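Thank you all for coming; I would like to take a few minutes to walk you through a structure that may be new to you. Please have a look at it on the screen before I go on.

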Amino acid sequence: MIIDKNKIVTSNFDIPADRIDLGIGQPSTSLLPLAALAQAAEHCFSQDNLYILAYGAEQGNWYFHNALAGFLSEQYKLSVDPDHLFTTTGISQGIDFICSLFTQPGDTVFVENPTYSLALGILADHRLNVVGLPMDEDGLIIGALEEELAHQKPVFVYTVPTFHNPTGCNLSATRREKLVELSREHNFLVLADEVYHLLAYTAAPPSPMAKYTDAATVLSLGSFSKILAPGLRLGWIQTHPDLMKRLTTNGVIYSGGGLNPFTSAIAQSAIELGLQAKQLVHLKEVYLQRKNALNTSLKSNLPDSVSFVEPDGGFFTWLQLPQQVDTEKLLSEAHKHDVSFAPGSLFSPQRDLKNYLRLSFAYYEEAELEEGAKRLAAVIIRNLV
Ligand SMILES: Cc1ncc(COP(=O)(O)O)c(C=O)c1O
């Protein structure tokens, strides 16, 4: 077999050449900072520090955490304590790890409906009973959470509070506070997946859930996947020392040591050299242009019966179609016209939301996004008559 070294081999990329797949929720390869990481690696290797190749400290490398805490404090405009950070191999692994440590098969967890579709797969691996709670433009509806809490207690509530996947909306500051208050009152954990928090383009979101980690119920999960490169498989959990104890005392950490000491040392250099901050500025400029291109084209091509809220950050625009449209069925029609999207039911634990769909503006450049939106609008219009 001849391997094309420039072709990414993952199932996500098996798309016909003419199709514009607005369902792809990842950065385009042109945005992956190879030169910056080569510079960071060179800096890292020149330190002559053999510990980066040894088993890592349980919580992660303190020097990495110190650099990361400095970066996050600046970005969040909050003081982040390096001792409250735990290194993960990304948010996906972080969610899986928390499920392993804090849940038993059959336990109940609450998620937003809709939620990040691939988190549902992780929760299913742990055989959890997943209950979806409704959202509006201000995120998870707290009244609905309170109603559900009167019936059953979850081990945790999983939320994507900022530039939510798939809706793009933010959990309001008041609701964040109320969620934390309820977690203390009812003794459940809050798993805040803050993967898009630093990707704000047109308006700043409320403070991250990391702000509330003085409560021993909150775990704020962050990742380098969307701000540097997903291939690094590097992320962090920011949490209270009481929860940190559980993250660092378990079979996986005892056997393998702290996670990812090698990659985290390179990321430390990327932060210390200012490369991470520079890359973030660059990404925000590019994604702002892409967001504008997609959303402007949607506005001028979609019929009035399709609604959406233009997001202020993140990767996604979420469309609501008239009730009778089933976007799973619309997908095969869209494929015939060389465009694709992620149907709404994928994001729902109860597989409703059939008249919704998610588009991403992260992967394609402006001209393709505009063309993709035109093709999609034409397919939708044909299916409305
Ligand atoms: C909400 C959300 N969480 C987590 C991830 C994956 O994060 P990681 O690459 O750090 O595992 C994604 C990627 O699309 C995402 O959208």
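I will start with the sheet, go on to its strands and helices, and end with a single loop residue.

Please keep in mind throughout that this is a predicted model. The sheet is an open one of 8 strands, and if we read across it the order is E2-E9-E8-E7-E6-E3-E4-E5, with mixed pairing. At the edges are strand E2, residues 85–88, and strand E5, residues 139–140, each of which pairs on one side only.

Let me turn to strand E3, which covers residues 108–113, and ask how many of its residues are buried. The answer is 6 of the 6, so this strand is largely enclosed by the rest of the structure. On one hand, E3 pairs in the parallel sense with strand E4, residues 129–136, over 6 bridges, and within that pairing Thr108 stands opposite Asn129. To get from E3 to E4 the chain passes through helix H4, residues 117–125, and the β-α-β crossover that results is right-handed. On the other hand, E3 also pairs in the parallel sense with strand E6, residues 156–159, over 2 bridges, where Phe110 has Val157 as its bridge partner.

If we now follow E4 to E5, we find that these two run antiparallel and are joined by 2 bridges, with Leu140 of E5 as the bridge partner of Met135. Helix H7 packs on the sheet as well, where it touches E2, E7, E8 and E9, and its direction makes about 140 degrees with that of E9.

H7, residues 241–248, also packs against helix H3, residues 91–102, at an angle of about 90 degrees and with the axes 10 Å apart; the two helices are therefore roughly perpendicular to each other. Which residues make the contact? From H3 they are Phe97, Leu101 and Phe102, and from H7 they are Leu243, Arg246 and Leu247. Sorted by class, this contact of H3 with H7 has 5 nonpolar residues, no polar ones and 1 charged residue.

Finally, I would like to point to Ser28, which sits in the loop between strand E1, 20–21, and helix H1, 34–45. Is Ser28 buried or exposed? With a relative accessible area of 6%, Ser28 is buried, and, leaving aside residues up to four places away in sequence, Ser28 touches Arg290, Ala362 and Tyr363.

Methods
Residues numbered from 1 in each chain as written. Predicted model: local features only at pLDDT ≥ 70, side-chain atom pairs only at ≥ 80, totals over all residues. Heavy atoms only, no water. Buried < 20%, exposed > 50% of the residue type's maximum accessible area, 1.4 Å probe, protein only. Helix = DSSP H or I, 4+ residues; strand = E, 2+ residues; numbered from the N terminus. Pairing = 2+ DSSP bridges. Right-handed = clockwise from strand over helix to strand, strands pointing away. Contact = heavy atoms within 4.5 Å. Axes fitted to C-alpha atoms, helices over the stretch in contact; angles between N-to-C directions. Parallel < 35°, antiparallel > 145°, perpendicular 65-115°, else oblique. Nonpolar A, V, L, I, M, F, W, Y, C, P; charged D, E, K, R; others polar.
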